[in-house]
Amino acid sequence: MLKMTHLAKVYRTELVETYALRDFNIDVKQGEFVAVTGPSGSGKTTFLTIAGLLETFSGGEYHLDGVEVSQLDDNARSRIRNEKIGFIFQAFNLIPDLNVFDNVDVPLRYRGMKADERKRRIMQSLERVGLAARAKHYPAELSGGQQQRVAIARALAGSPRLLLADEPTGNLDTQMARGVMELLEDIHRGGATIVMVTHDPELAARAQRNVHIIDGQVVDIAEEPRFHAHAAQATARHG
Amino acid sequence: MYGYYLDLAWRSLRRTPILTGLMVLAIALGIGASMTTLTVLHVLSGDPLPGRSDTLYYPQIDPRDSQGFVPGKTEPMEQVTWIDGMNLLQAKRADRQALMTGGSVAIQQDNSTLDPFFEDARYTTADFFPMFGVPFRFGHGWDAAADEAHARVAVISSPLNDKVFGGADSTGQTVRLAGAAFRVVGVIGDWNPNPHFYDLNRKNYAEDEGVYVPLSASQDVGMDHEGSTDCWGNGGGGRTPDHNAPCVWLQFWTQLDSPAKAAAYRQFLVHYSEQQKALGRFQRSPNVRLRNVMQWLDYNHVVPDDVRLQTGLAFGFLLVCLVNTVGLMLAKFMRRSAELGVRRALGASRRALFAQLLMESGVVGLIGGVGGLLLALAGLWLVRMQPASYASLAHLDPAMLLTTLLLALGASVLAGLLPAWRACQVTPALQLKSN
């Protein structure tokens, strides 16, 4: 589903070159739930933005759903982002002057869907996250957990093949975080491929597989959760 | 998709009413000022006879003595003498031709409660009416035979007909002009070509004359000539020069229906000048011009220089307003970087965002255009309050109304180009992380 080979991302200034990713290799299979962990500045977010085609890379190869993306122009990248990728951000990133319905509508608008089909998908997504009754509410009228659920509904509305989540519970309290995480697990059980960047070892432990990044390189790919304190619980949950 | 962009634009503008208001105000002020002056310029420099002006030519010849003559540089006289006018008229070398001058006549009706009054008059020849396409409400003009016969016939304007005859069909009625009885043969309908191209010696912009009589009859009655009279040598004085005096005081217009005919007529003027020089009347080598209506107006600088200056200044002001709008729009769009980043992440291409932001600029322009239109209407009302001769003409016609809205739309979209482009260059990854 997502395969990066010898990928590099270099930020150049007149004086220095800084490698955000160096000889970066990862292969995420269809239907996997992968947690990407690592210290601050290790390159987690850079990986996620390149994976989501929001940034270009300096070298190596990146195949997304079988397509090598390095030579694609902005229109083609935008189309892939719209059709194949769903984003969930730490800060929710809902558009404040659009209500819940219209926020979920955004990616569908860029796909050029007819109004009936958009409405059906929006309501289906909102029902899935339990917020169909809040369709006319504005983001400011919702709790943090509810806002993140709307963001998840927005990510799901286009039926993407890949969900990219960047610290999805980072701005939530424990109870709300648990709810969001359970929702992600539920989505994964439905067959979605999820790549989640997180600092939180407890969340990472609930993923199928952990990828640890240090200094822009994958240093550890564990089939089993690497946070052993929670391994038993995670294993029990995922079978 | 454009409906969606329109909806987003409307929401965005409502979200920041003060910023939106400032942008709309800047556009409205710029458009209002520039359209006020542009409308005045448009009215003053317009074609007085659309569809006809291309075939109407004003011949100029130079009967003056040789003093001060620089061949190729000295412009010929702007009017003709009585002798030359009659010669050119009787030569009948154009499709139509009319000799004319202006004046003012006293009107005093017998058995009327109306006090005597003066009315602007045109003393002319028969072709004046068909050549200039003058419409008639009642009756018609006179014919060449009436010119020859010095017939006391008159054509009057509708306002004069309303004043003297209560608006009824007055053809066949008698009107007393300068103490003589003239029979009304026609009442002109709605006709008021501006600029007053056929005689720029009186007023460039004005209501047209109320009375038209044969030039021959006007001379018999001794109707006063008003306007410019230029004499040389032993030219006489007086308001109406002697017919043999070396003075120009008449206008001569021709209708030449094709460029070939115009070229032939110009050649005729050269031959005429040579012939007159051979006869000893002219001293200068042939010095002729043949300008059509628009060339004639342009040559005479009919549009006042201050109107051109004002228009230039107003467009400069519009430019300043646009620069301000660019700044405001840049601030507005860059403040929305986070939202634009989210849209990019959700699948919007740069092109889609660019179109969305330009739509927003366009909506600002349309609202600003409506504001500008209201300001232009107010500005034109102020112009009409001025004592200038053209003041009464300052009205917004449908073409200028459409121009106003298109200019506002174009200007605001232009002002939105740079801010929209800049906003679309924002790296979405940064915005999404920093939000």
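Which residue in β5(A) is the bridge partner of A:His63? That's A:Glu68, and the close-ups below, all taken from a predicted model, start right there.

**View 1. The hairpin of β4(A) and β5(A), with 2 residues between the strands.** Strand β4 of chain A covers residues 59-64 and pairs with β5(A) in the antiparallel sense, over 2 bridges. Besides the A:His63 and A:Glu68 pair, look for A:Leu64, whose bridge partner in β5(A) is A:Val67. In this hairpin A:Asp65 takes a positive phi, near 50°.

**View 2. An open sheet of 4 strands in chain A.** Read across, the order is β2-β1-β4-β5, and the pairing is antiparallel. At the edges sit β2 (17-28) and β5 (67-68) of chain A, each paired on one side only. Now for the helix that goes with the sheet: α1 of chain A (residues 44-51) packs on it and touches β1 (2-12), β2 and β4 of chain A. The direction of α1 makes about 65° with that of β2(A).

**View 3. β1(A) alongside β4(A), antiparallel over 5 bridges.** One spot to pick out is A:Leu2, which stands opposite A:Leu64 in β4(A). You've met A:Leu64 already: over in β5(A), A:Val67 is its bridge partner.

**View 4. Helix α3 of chain A (residues 100-109) packed with helix α5 of chain A (residues 144-157).** The angle here is about 30° and the axes lie 8 Å apart, so α3(A) and α5(A) count as roughly parallel to each other. Their crossing is right-handed. From α3(A) the contact takes A:Val100, A:Asn103, A:Val104, A:Val106, A:Pro107 and A:Leu108, while α5(A) brings A:Val150, A:Ala153, A:Arg154 and A:Ala157. Sort the residues of this contact by class and you get 8 nonpolar, 1 polar and 1 charged.

**View 5. α3(A) again, this time with helix α4 of chain A (residues 115-128).** These two helices pack at about 120°, with 10 Å between their axes, which means α3(A) is oblique to α4(A). The crossing of α3(A) and α4(A) is right-handed. On the α3(A) side you'll find A:Val100, A:Phe101, A:Val104, A:Asp105 and A:Leu108. They meet A:Arg118, A:Arg121, A:Ile122, A:Ser125 and A:Leu126 in α4(A). The residues of this contact split into 6 nonpolar, 1 polar and 3 charged. If A:Val100, A:Val104 and A:Leu108 look familiar, that's because they also belong to the contact of α3(A) with α5(A).

**View 6. Where chain A touches chain B.** Here 21 residues of chain A are in contact with 20 residues of chain B. Helices α1, α2 (74-84) and α3 of chain A each supply at least two residues of the chain A side. Which one gives the most to that side? It's α2(A), with 5 residues. By class, the chain A side has 8 nonpolar, 7 polar and 6 charged residues.

**View 7. Stepping back to chain B, with its 14 helices and 12 strands.** Chain B has a radius of gyration of 30 Å, well over the 22 Å that the globule rule gives for 435 residues, so chain B is more spread out than a compact globule. Its C-alpha trace spans about 95 × 60 × 35 Å along the principal axes.

Technical notes:
Residues are numbered from 1 along each chain as its sequence is written. Chains are lettered from A and ligands numbered from 1 in the order in which they are written. This is a predicted model: local features need pLDDT of at least 70, side-chain atom pairs count only at pLDDT 80 or more; totals for chains, interfaces and linings use all residues. Axes are lines fitted to C-alpha atoms, for helices over the stretch in contact, and angles run from 0 to 180 degrees between N-to-C directions. Angles under 35 degrees count as roughly parallel, over 145 as roughly antiparallel, 65 to 115 as roughly perpendicular and the rest as oblique. A crossing is left-handed if the near helix is turned anticlockwise from the far one by less than a right angle, and right-handed if clockwise. Two residues are in contact if their C-beta atoms, placed from the backbone, lie within 7 Å. Ala, Val, Leu, Ile, Met, Phe, Trp, Tyr, Cys and Pro count as nonpolar, Asp, Glu, Lys and Arg as charged, and the others, Gly among them, as polar. Two strands pair if DSSP finds at least two bridges between them. The radius of gyration is taken over C-alpha atoms; the globule rule is 2.2 Å times the number of residues to the power 0.38.
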